[in-house]
Structure formats: C-alpha cells, structure tokens
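Work through the exercises below with the sequence and the coordinates side by side. Each task is followed by a solution that goes step by step.

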Amino acid sequence: MTRVATAWAIFQGLLIEALPFLLLGVTIAGLARWLVPQSAWVRRLPRNPLLAPIVGALLGFALPACECGNVPVARRLLASGAPLGTGFGFLFAAPVLNPIVLASTWAAFPDKTWLLWARPAGAFVIALALSSLLGLIPESRLLQAALLEERRLSQPLSSIGLLERRTGLVGAGPSKPAMPAQSTALLPRQLLSHSTGEFLSLLTLLVLGSALAAVVQTWLPRSWLLALGSAPTLSVLALMLLALVVSVCSSVDAFLALGFAAQVTPGALLAFLLLGPVVDLKLAGLFTVLLTPRAIAITALSASLMVLLIGQWVNLVQL
Amino acid sequence: MRSFRSRFLRHVRRSTVLPPLVLALWGWVLVWSSLSSRLDLLLNAAFHPVVAVAGVVLMLLGLMQLRLAGRRVPVAPLGWLISAVVALLILLLPPRPSFSDLAASRPDSLSAAPSLSFFLPPEQRTLTEWVRLLRSQPDPELHAGDPVRISGFVLDRPGEPLQLARLTVRCCLADATPAGLPVDWPAEANPQVDQWFSIEGTMVVQERNGVPVSVVKPTRMTLIPRPERPLEP
C-alpha cells in the first residue's frame with residue numbers, strides 16, 4: 001500500500017510539472033495557426049531532404065519548452081503541410097536545441113566543456129538521422145490517421161488525389177494549392193474550441209504516460225541501474241533505460257544527471273541526456289497523435305541504437 | 001440499467017459544456033495544488049509559479065469557452081471523461097508518499113550545492129549541506145566535535161542502520177535523490193521509518209564496518225511533523 005501511495009505521488013509530480021509545458025505547446029500551435037496563414041510560410045519551408053530537418057531542428061529556439069510542449073507544435077507543422085523532415089527535425093531536436101535546455105546543461109556541467117557541444121551536436125545528428133529514416137516510410141504508414149487526413153487537406157491537389165484526400169473541392173487548378181477553409185479565417189471561437197480539444201486529447205495521453213512512468217520507477221530500483229555505472233557498454237544501456245523510465249523534462253534532466261555523473265562513464269552520461277528528450281515512457285502516449293504504432297517502435301529502436309553507438313564512441317574517446 | 005448508463009454517458013459526451021468544464025477542472029487542480037501547498041511536496045520551488053499561472057490560464061480559457069458554448073459539438077472522446085475523473089481523484093486523494101520508500105531504492109548521489117554554503121557555521125548547516133560537506137571533505141576528524149542542528153526523516157536502507165535523511169529535488173518527485181546522515185540513535189529512542197526528527201547534537205567519529213565515519217550523536221531529539229517544505233533543491 002505504501003508503494004501505491006508513493007507511485008500516486010510521483011504520478012502527480014510528473015503530471016503537474018508537465019502540464020504547463022503542454023499548455024504552452026498547444027498555445028503556440030494555436031497561435032501559429034491563427035496568426036500566420038498556412039500558405040504564407042509553409043510553402044516557403046525548404047523541401048530539400050537535408051535542409052528540411054535542419055530548419056525544423058533550428059525552430060527549437062523559437063519554443064523554449066521541453067519535449068511535452070513540442071508535440072502539439074510538431075503536429076501543427078505536419079498538419080499544415082510542412083515537409084516531413086521539418087516536422088520531425090523539430091520534434092526530435094527542439095527539446096535539446098533550445099535556449100533553456102542549453103543553459104541548464106551549461107549550468108549543471110560548467111566543467112565538462114565536451115558535454116556542452118556534444119549534447120546539442122548529438123541531438124542534431126539524431127534528429128537528422130531519424131527524419132531521414134522516417135522519410136523513407138510512406139506517409140500512410142507513418143502518420144496517425146487523423147493527422148494524415150488533416151495533412152492531406154493542406155496539400156495541393158496536384159500532389160495528392162481526391163480519393164486519398166477523402167474530401168475537398170473538385171476542379172481546383174493543378175498548380176494552385178487548395179487550402180482548407182479552416183486555415184484561412186479561423187474565428188477565435190473555433191480556435192479556442194480546436195485548441196481545447198487538442199489540449200484535452202494530449203492531456204489524456206500524458207496522464208497515461210505519467211502513470212506508466214510512475215509505476216515503473218516505483219517498482220524498479222534505480223540503484224540496480226546505476227550499479228552498472230563503470231562498465232562501458234552496460235553503463236550506456238543502463239542510463240538509456242533510466243532515461244526512458246524517469247521521464248523528466250529536458251529542461252532539468254541535466255541537473256538530475258549531475259547527481260550520478262561521477263558514478264557513470266561519460267558515454268552513459270551523454271546517452272542519458274540524448275535519449276530522454278527523444279523517447280521516454282511519458283512521451284509514449286503523446287507520440288500516438290503523430291505516428292502509427294509501427295513508426296513509434298521504429299523511432300524508439302532507431303533512436304536507442306544511435307544513442308548507444310554515440311555513447312560507445314564517447315567512451316572509446318574519453319576513457 | 002445498462003442502457004440508462006450508456007444513454008447518460010452519450011448525453012454527457014455530447015454536452016457542449018463538457019470540454020470547457022474539463023479544462024476548468026484541470027485549471028482548478030493546478031490552482032488548488034498551488035494554494036494548498038501541495039506543490040511543496042511534489043515539485044522544485046522553481047516550477048511553482050509556472051504551475052499557478054498555467055492553472056489560472058486554463059480556468060480562464062474554460063470560462064471563456066463556457067460563455068461561447070452554444071453550438072452542438074461532436075461527441076467528446078471517452079478519454080476526456082477519464083481525464084476528468086483523474087482530475088477529481090487528484091483533488092480528492094492528496095499525495096502521501098513514503099519518503100523512506102522513495103529513497104531506499106535510489107542511490108545516494110547528491111548533486112553539487114546550488115550555492116556555496118560550506119562557510120556557514122556548523123550549527124546552521126542543513127542536513128543536505130552536511131552531506132555535501134562530508135562528501136567534499138570526507139576526513140571525519142575534520143568535523144569531530146562540531147555542533148549539529150538538523151531535521152529529517154528516518155530512512156531505512158536495506159542492510160544499513162537507520163539514517164536521518166532529506167530528499168533533494170531538481171524537477172519533481174521522479175528525480176528525488178536522498179541525502180542521509182548516520183545517527184548514533186540513543187538506546188531509549190525508537191525511531192520509526194518516515195518519522196521526522198529534529199536533532200541537536202555533535203558530530204563524532206565512529207567505526208562502521210571497520211572504517212571511521214562521521215556520525216551524528218544526538219543530545220536532544222524531538223519528534224516533529226513533516227515540514228511544510230520537506231524537499232530541498
């Protein structure tokens with residue numbers, strides 16, 4: 001019974017701490033939809049497979065929030081018809097490439113200069129690689145059904161058929177992008193109603209993710225994971241598992257890592273700081289509004305593999 | 001009965017006021033958590049204003065939407081109702097974590113102090129500051145005879161004598177890290193796990209497992225209620 005009470009408290013802590021950032025993300029996504037007409041900026045985003053994720057990753061500086069907050073913004077980007085690479089580049093890199101996270105990493109590790117560039121560089125590389133990898137999958141198998149439908153409404157008829165779009169105007173010019181009615185003049189009431197729906201749907205998933213994270217970390221002794229701290233490969237794997245389970249925000253994970261930095265290998269430390277912002281238990285539910293279950297599994301496995309390789313490489317260089 | 005229940009559920013989910021009410025309810029959860037000092041038990045103080053502001057914003061958005069509501073809306077997903085139930089449970093069931101249970105499975109790996117506090121006189125050091133000091137200057141002879149005035153909860157680590165401990169938190173309870181000090185408990189004392197004590201005494205050197213360590217020898221022990229702000233940064 002004591003354990004249940006402890007899990008309930010951890011659940012409340014995780015959820016209440018993440019809620020403001022989720023609200024911030026949904027607000028930014030809503031405002032972007034209202035203030036900036038889609039056609040004005042989405043068409044200007046580069047479609048180049050390399051440039052698109054780079055632009056997405058750099059957009060993180062405009063949203064200084066943790067990984068919960070950027071899910072709704074990434075969804076809005078993709079629903080507006082932005083290139084897949086831009087949406088995924090933002091989704092995977094922005095939780096690290098933003099001023100607050102970079103500042104907190106510096107504040108926690110002022111004496112580890114290698115970490116100050118290795119963390120953003122690693123996050124950038126992982127975001128580029130994941131974006132490229134997911135770009136190989138057909139959109140119909142990659143994106144969640146509702147998002148796919150919304151995205152197809154935002155794409156020009158020249159690039160997508162009416163059958164695929166399911167709805168739309170027959171007879172629109174092939175070269176002129178047909179924008180959905182909702183994107184042109186959204187009333188404040190519609191915006192509020194839409195953002196409320198988005199917030200409540202994401203909140204439900206956040207509740208599930210936080211509950212899962214609280215249960216796992218209450219019954220999985222953390223000391224077991226850190227006991228593996230000195231073994232080069234096992235320490236990286238153990239800290240990756242810890243990042244998945246703990247599910248703390250990227251804006252403060254560096255301070256948490258500071259607590260066990262002296263007990264683990266440098267590669268394991270970097271692995272913890274790289275994997276958590278991309279994949280963790282709290283995010284598992286939120287990702288379902290973006291990706292199909294298969295795509296989520298591919299993302300989690302690929303990110304883990306890349307982080308493991310980066311961690312191993314750092315251990316080889318540093319040890 | 002079953003059809004009545006499903007009809008009732010369908011009616012609730014079709015209601016135009018459901019989304020604004022759920023939104024306002026979650027706003028109230030955050031505002032109430034701030035007002036009732038529940039946050040002191042869950043989060044680092046740096047996040048408290050952020051949570052309070054988010055709560056007020058959510059309540060305002062809920063009220064605004066309630067005023068604008070009127071048109072029919074699509075059926076609300078069942079998840080929204082479930083989240084409303086969770087919000088009510090959070091309001092009804094306050095967190096009562098066992099600090100000892102939370103700390104027992106976590107390594108004693110304190111991060112550096114947020115500010116330099118080692119220059120404080122010994123009797124003004126908190127338990128966490130003592131632990132940090134002993135880690136940076138582990139020679140127990142350096143601290144022998146220093147006066148100690150600390151408070152904390154009784155921590156039971158498997159295979160170790162009971163300690164007096166505090167939890168440090170950077171984000172929320174999920175990253176709580178224990179800081180514990182060995183105590184030479186008086187024979188007549190019967191400390192129970194999770195009880196809070198205020199201890200006055202001195203730092204002495206004792207051999208534990210063949211190694212000399214700094215141990216708190218109490219001259220006065222008082223059983224105290226859990227402090228309003230039990231977590232340390």
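The exercises that follow treat a helix, a strand residue, a pair of domains and a chain contact.

The model is predicted, so local features need pLDDT of at least 70 and side-chain atom pairs count only at pLDDT 80 or more, while totals for chains, interfaces and linings use all residues. Residues are numbered from 1 along each chain as its sequence is written, and chains are lettered from A and ligands numbered from 1 in the order in which they are written.

**Exercise 1.** Compare the expected span of helix α5 of chain B with the distance between its end C-alpha atoms, and state which of its residues are buried.

*Solution.* Helices (H or I, at least four residues) and strands (E, at least two) are DSSP runs, numbered from the N terminus. The expected span is 1.5 Å times one less than the number of residues, so the 15 residues of α5(B), 78–92, should cover 21 Å, which agrees with the 21 Å between the end C-alpha atoms. Next, a residue is buried if 20 or more other C-beta atoms, placed from the backbone, lie within 10 Å of its own, exposed if 12 or fewer, and partly exposed in between. By this criterion the buried residues of α5(B) are B:W80, B:S83, B:A84, B:V86, B:A87 and B:I90. Because they cover an arc of only 160° around the axis (taken from the directions from the helix axis to the C-beta atoms), they lie on the same side of α5(B). The face turned away from that buried side carries the exposed residues B:L78, B:V85, B:L88, B:L89 and B:L92.

**Exercise 2.** Describe the surroundings of B:G201.

*Solution.* B:G201 belongs to strand β4 (residues 196–208) of chain B. It counts as partly exposed because 19 C-beta neighbours fall inside 10 Å. Two residues are in contact if their C-beta atoms, placed from the backbone, lie within 7 Å; leaving aside neighbours within four places in sequence, B:G201 is in contact with B:V148, B:V216, B:K217, B:P218 and B:T219.

**Exercise 3.** How are domain 1 and domain 2 of chain B placed relative to each other?

*Solution.* The domain bounds, from an automatic or database domain assignment, are 2–96 for domain 1 and 100–232 for domain 2. Their C-alpha centres lie 40 Å apart, and six residues of domain 1 are in contact with nine residues of domain 2.

**Exercise 4.** Which element gives the largest share of the side of chain B that touches chain A?

*Solution.* The contact takes 46 residues from chain B and 41 residues from chain A. On the chain B side, α2 (18–35), α4 (48–68), α5 and α6 (99–104) each give two or more residues, and the largest share, nine residues, comes from α4(B).
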